[in-house]
Structure formats: structure tokens, C-alpha cells
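Colleague: I am new to this structure. Please take me closely through one part, the main nonpolar core and what surrounds it.

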Amino acid sequence: MKQKPLLIALAAIGSAALAYTGASWWAGKQAEITLAKQHQLVADLPYFVVKSRQYTRGIFSSQERTTIALSPNLIKPYHILMLEGLGKIKPEMTYTQTIKHGPLPLLLSGNFSPFKAVVTTDIEFTAETQAFLKKFFGEQKPLQIENRIRFDDDGVVLVKIPSFNHEEALSKVKAVWQGMDASISYGGDFNSIAISAVAPGLHFEANDKVTLDVKELRFESSNTRGAAGIMLGEGKMTLASAAFTQLEKDHPMDVKMDGLSYQVRTSAEGEFINSGGDIDLKTLALNGKNYGPAALSVSANHLHGPTLFKLSKAMAQVQREVADPAEQAGKMLKVFRNEGLPLLRNDPSLAIKRLSVKLPEGEVSLQAALSLKGFEDKDLDNPIKLLEKLQAKADLKVPKQVVETVVLWKARGAIAIDTEEGEQPDTEELDNLARNLMESNIRKLTEQNLIRADGDMLSSSAQWLGGSLTVNGTPIPLPWQMGLPAAAATVPPAEPAN
């Protein structure tokens, strides 16, 4: 009788072990299906060619070995640039994935969270590359990737590049990398993706002459696929600071940048897509000269979503199938004419909402907008008719000192080329000549009302509407309008472009 509880316990343990084994086998089978789907997403990209893939499934774990190469169609343009050295590089990568099956694949690590599978990726570098990386990372894996797949196929990919501190006494090279951590959360069908990545910093110096410091690089994004198939959401990258110095006698350089950010947003309004981007820079110091702040804000609105999605798929197909760059361009133009006209039919608009740059000489600012109203397919065969349906406007303000600086640069450069072997002109005399010529041109343009001068600030406003151009309210006849009476070149009153 005393043996009965023991037998029951052993039976329970055996049943649990059998049940876990069966669950692990089932989870492994489901994981294989999920990984095949994820693999296909990579294979469908126009940038890669899958050369081989082998999947070996076991009960508690499986293994996948894959070799991918950069698409020959992607590399070919570089051969046109005669980068012959690229031909000696093998543009391919082999990686092995070890798949631990659920339901508790991290149990031995003390993690009781249930997952369908946990996948670790090992990239196989060439012997030369591995030896080079070992100098920096030692015995650490240079790139650590773990994909945790939940039972609903949602998951998260954890990416880590470990930190290192490398120093070479003979060459006086020092590199301190503080590592990078990233997480990519995704929905099972990849219809939602959220990315978070941070690299705290990098310090590099060489031979007491070159120094580079980069601090706090961050990237955050969150996107969900909309009804048209386009990913909607926003992303933002920020860089706290960067500094570069080069202590060369002939070409010294000292560059410092603070507060750089880039943000992009994409939203839907019915079946139309609105997208915008902002770049902001707090300060830039170049050899002691301070620039900034600077800001750029652009937008593209009322873009037909289904057409954008169809075009992206068709363009990717062309990139995948056509190797010659010239033929690629021709095929893409044909694709646009066949598939992309709904973009033009639905009144799209583009805008530089704000461009502002503070220079030592003053601030440059620009606002501009371009829209297309009432486009019909037949307008492509009648350029004049197409131009009449475009609406555009632009407002530019530039300090006179900025114009003078550019004029002097160009004048000195032109004279330097013409007098390389001859007598060098007096620099002050050359500058005075260039300034006088600039002032003369400004006076003429001001008299013609093509620019406005307000103290040391120059400005101009241009508008294209109804097939006619005005600058500061003055009609500017175009070549095909020169035979028309003056009244025909006047812009009729209408709403400006959005």
C-alpha cells in the first residue's frame, strides 16, 4: 500500500512529461509555420535573394540555416560607377536560427512566460571578419538577436550590440562603444510594428589628430497597417550631440552639432494618405562659426492610398526582375502610367510648410506649396493643359549678407580657376567688383519688382495659377504666352494652392 502514492506520483510525472513533450512537438510544428511566414516576408523584399534554406525540426528544438544575398539588381548600379572592388566582396550572409519550442522555452533561464517558440540567431561571418570583430568584442557575439513568438503569433525581437572598449597603443587608436539595445514588437501578421532603439554613445580617436564623439542616439516608432495597405503611424529619431575634430595643418576641422531630431507621420483620411516630416537642429558649429537653429517641415497630402499600395508592390516587382538601371527606370515609368494615375486624379498636394535656417549673416526662410486640381488622363499628352491645372506658390526671404557671401565665394572660385598659372588679382579689388555687380543686379530686380528690399532683407513671392506666373504681383509671361496680350498673362483672382 505504501508504494501506491509513489506509483501515482511517478505516473503523474510521466503523464506531465508526456504531455509537455506532446505540447512541445505541437508548438514546434506551429513555430515552423510561423517562421516560414516570416521567412517569406524577407524573400518577398526586392533587396534580397534567398540562396538556400534548410529547416530541421526536432521535438524540443529545431534549427534553420539560411543564406541570403543582396539582389544583383541592387548592386549593378555600383558597377556602373566602376567600383571594381565590390566585385571581390561576397554580398551574402548565412545565419543559423536555433528554435526552442514552447510552451515554456525559457524555463531553464528562470522565465516562466509561455511562448510558442524563442528563436536565437547566429550570423556566420567570414574568418577575416570574425578576426576583426574579435578585436573589439572579444568573446561576445557582435550581434545578438532573439525572437520571442507568442501563441497568437504576436512577438518581439530583441536586438543587442554589446559595448566594447578597444585601444591600440602603436597606432594610437581608441574606440569606446557603449552598445545598442533595440526591441521590435510585431503583430502576428506584421500589420503592426513598434520599434524602440537606443545607442548611448561612441567615442573614437586616432593618432591624436582625429576625434569623434556621438551621444544618445534614439529611435522610436509605432505603425499599424491601414485599410489601403499602407503603414500608418509615426516615428522619431533624435541625436543629443555629435562632435568631430581633425587637427591637420592644411585642413583643420572642428564640427559640433547639438539637438538633431527627425520625425515622420503618416495618417489616413478615408482612402487618402497624409504624410509629413520634420527635421530640427538646435545648433551647428563649424570651425568656430555658429549656425542654427534650423527647421524643415514638409508634407504630402491627399494621396490615393490604394494606388500607393499598388505602386509599391509593382515597383518592388520591377526592382526584383529587372537588372539594368535604365530599363528599370523605363519599366517604373510605364508602371506609373498604367497604375499611378489615380494619384494625379485625386488632387494631391505637396508643401514645404517651413524651412528656416539661422546663419551668421541672418535667417533664411522659405514656404512653398504645389497642388494639382482637376487632372484628367488626357492631360499627360498636353503639357500646357497640365501646367494650367497646377497651382503653386513660394515665399522666400534672404538676408542681403547671405547673397553677398555666396557671390564672393563664386567670384573667387571662378577667378582661381582662370588664373591658376597666371597673375593673381588683388582679392580686395575682386571683392569690391563682385559687390558692385551684385548691388547693380539687386537694384535692377527691385525696379522690376521681382524682388523686394527692406533694409538688409531681400524677399520675393511667386505664384503659379491658371497657367500664369506672377512674382510679387507682377505678371511674368512665359515663352508660349509671349504672343498674347498683356491682359491674358494676368492671373485671375482665385484661391492659392493649399
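Modeller: What follows starts at the core, moves to its neighbours, and ends with the charged pairs.

First, a caution. This is a predicted model.

Start with the core itself. The largest nonpolar core has 13 residues. Five of them have the most contacts inside it: Leu35, Ile99, Val119, Ile149 and Tyr186. Several elements feed this core. Helix H1, residues 3–43, supplies at least two of its residues. So do three strands: E4 (117–124), E6 (155–161) and E9 (180–186).

Now look at Ile99. Leave aside its neighbours within four places in sequence. Ile99 is then in contact with Ala31 and Leu35. Ile99 also contacts Tyr55 and Phe60. A run of further partners follows: Ser61, Ser62, Gln63 and Glu64. Ala117, Val118 and Val119 complete the set around Ile99.

Next, go to Tyr186. This residue sits in strand E9. Is Tyr186 buried or exposed? Its relative accessible area is 5%. The cut-off for buried is under 20%, so Tyr186 counts as buried. Its contacts, beyond four places in sequence, take in many residues. Among them are Gln38, Asn147, Arg148 and Ile149. Asp153, Asp154, Gly155, Val156 and Val157 are also touched by Tyr186. Ser192 and Ile193 belong to the list too. One of these partners is worth a distance. Val156 and Tyr186 are 30 residues apart along the chain, yet their C-alpha atoms are separated by 6.1 Å. Tyr186 has a polar side as well. Its side chain makes a polar contact with the side chain of Asn147, at 2.7 Å.

Asp153 was on that list, and that takes us to charge. Asp153 is found in the loop between strand E5 (144–149) and E6. At 14% relative accessibility, Asp153 counts as buried. What is Asp153 linked to by salt bridges? Lys37 and Lys116 join Asp153 in a network. The side chains of Asp153 and Lys116 also make a polar contact of 2.5 Å. Leaving out residues up to four places away in sequence, Asp153 touches Thr34, Lys37 and Lys116. Tyr186, Gly187 and Gly188 are its other contacts of that kind.

Helix H1 has a charged link of its own. Glu32 in H1 pairs with Arg57 in strand E1, residues 48–57. The side chains meet in a salt bridge of 2.9 Å, N to O. The two residues are 25 apart, and the pair links distant parts of the chain. Arg57 is partly exposed, with a relative accessible area of 30%. Glu32 is partly exposed too, at 28%.

Strand E6 leads to another neighbour, helix H3. This helix covers residues 127–137. Its buried residues are Leu133, Phe136 and Phe137. They cover an arc of only 75° around the axis, so they are on the same side of H3. An α-helix has 3.6 residues a turn, so residues three or four places apart point the same way. What covers this buried side? The cover includes E6 and strand E7 (164–168). The face turned away from the buried side carries the exposed residues Ala127, Glu128 and Lys135.

Two of the buried residues of H3 return in an aromatic cluster. Ring pairs link Phe136 and Phe137 with Phe132 and Phe164. Across the whole structure, a search finds five aromatic pairs.

Just after H3, Gly138 takes a positive phi of about 65°. Then there is Glu139. Its side chain meets that of Lys134 in a salt bridge of 3.3 Å, N to O. Glu139 is exposed, at 69% relative accessible area. Lys134 is partly exposed, at 44%.

One last wider view. The structure holds 22 salt bridges. One more of them joins Lys310 to Glu339, at 3.8 Å, N to O. Lys310 is in helix H4 (residues 305–321) and Glu339 in helix H5 (residues 325–339). Both are partly exposed: Lys310 at 46%, Glu339 at 32%.

Definitions and conventions:
Residues numbered from 1 in each chain as written. Predicted model: local features only at pLDDT ≥ 70, side-chain atom pairs only at ≥ 80, totals over all residues. Heavy atoms only, no water. Core = buried A, V, L, I, M, F, W, Y, C linked by side-chain atoms within 4.5 Å. Buried < 20%, exposed > 50% of the residue type's maximum accessible area, 1.4 Å probe, protein only. Helix = DSSP H or I, 4+ residues; strand = E, 2+ residues; numbered from the N terminus. Contact = heavy atoms within 4.5 Å. Phe/Tyr/Trp six-rings, centres within 6.5 Å; stacked < 30°, edge-to-face > 60°. Arc of directions from axis to C-beta. Salt bridge = Lys/Arg side-chain N within 4 Å of Asp/Glu carboxyl O. Polar contact = N/O pair within 3.5 Å; in protein donor to acceptor, adjacent residues only side chain to side chain.
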